[in-house]
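The following exercises ask for strand pairing, turn geometry, sulfur chemistry and surface character. Work through each task on the structure before reading its solution.

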Amino acid sequence: MKKTLLLFIVLSFLVFTNRAQTITDVQGNVYNTVTIGTQLWIKENLRTGKYNDGTPIAYPGTNDVLWQTNTNGAYSWYQHDSITYSVVFGALYNWNAVSPTTNGGKNICPFNWHVPTHDDWTTLERNVCTSGTCVTDFPFDLTTVGYRGTTEGNKLKDVGTSYWNSPNAGTNSSMFTGLPACKRDNLGAFSATPGNFGFWWSSTSYDITFAYNRALNYN
């Protein structure tokens, strides 16, 4: 597997300087933001089809071969249904759309924003952690993989079962409002019906094959 064929997951975005209540992307989509600790996050998944310089991101649609062979950035809607899924769940993007080394140095996020790094995510985790073992639960390193922490995920998930499947213990006390938008894999297949999992990119590669991401699940 090449580095260009990684998990295809939903994005969230981070900036430290802009404190606006909403942010607008190059296509005019408006997103709400939330301050968590020292960070400002967009609390919705991106749904743009263009980089912030106006360059279109490839849209292979139902053509799995074009999705599999894309090398400079692509996006998709869950089950190719933008009417049902775009506003609530946003778009699904491949690694090539995220990494500037594969998309020609472009930025998928609105101007002055960026895809969170692995360390940005770790900072968020520590900001919602109250266990007393936050430093060891969420280390700033490039070797720890797998599930981290204990119940911090509940603080990042939307409440109830309107979107998450039961038993969702999400409290959304952070107001991050994470949703279960699923993913599209490197072969073009979609994961199960939204409700079980949400996946978010980081911009930090793990090795030549993988990149760091974050996931929340319904239980």
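**Exercise 1: consecutive hairpins**

Task: determine how strand 3 (residues 22-24) and strand 4 (residues 30-36) pair, then follow strand 4 onward.

Solution. Strand 3 and strand 4 run antiparallel and share three bridges. Strands here are DSSP runs of E of at least two residues, and helices are runs of H or I of at least four, both numbered from the N terminus; two strands pair if DSSP finds at least two bridges between them. The model is predicted: local features need pLDDT of at least 70, side-chain atom pairs count only at pLDDT 80 or more, and totals for chains, interfaces and linings use all residues. Residues are numbered from 1 along each chain as its sequence is written, and side-chain values use heavy atoms, with hydrogens and water left out.

Step 1. Isoleucine 23 lies opposite tyrosine 31 of strand 4.

Step 2. The hairpin of strand 3 and strand 4 has five residues between the strands, and its glycine 28 adopts a positive phi near 90°.

Step 3. Strand 4 also pairs with strand 5 (residues 39-42), antiparallel over four bridges. Threonine 33 faces isoleucine 42 in strand 5.

Step 4. In the hairpin of strand 4 and strand 5, two residues lie between the strands, and glycine 37 has a positive phi near 65°.

**Exercise 2: a further hairpin**

Task: which residue stands opposite serine 205?

Solution. Strand 9 (residues 197-205) pairs with strand 10 (residues 211-217) in the antiparallel sense over six bridges. Five residues form the hairpin connection from strand 9 to strand 10. The residue opposite serine 205 is alanine 211, in strand 10.

**Exercise 3: cysteines**

Task: find the disulfide and assign its handedness.

Solution. The structure has one disulfide (a pair of cysteine sulfur atoms within 2.5 Å).

Step 1. The sulfur atoms of cysteine 129 and cysteine 134 are 2.0 Å apart and form a disulfide.

Step 2. The torsion about their S-S bond is about -90°, so the disulfide is left-handed.

Step 3. Cysteine 129 is buried because its relative accessibility is 9%; buried means under 20% relative accessible area, exposed over 50%, and partly exposed in between (1.4 Å probe, protein chains only). Cysteine 134 is buried at 15%.

Step 4. Cysteine 109, at 1%, is buried, and cysteine 182 is buried at 2%.

**Exercise 4: valine 88**

Task: is valine 88 buried or partly exposed?

Solution. Valine 88 sits in helix 2 (residues 82-89). Its relative accessibility is 31%, so valine 88 counts as partly exposed.
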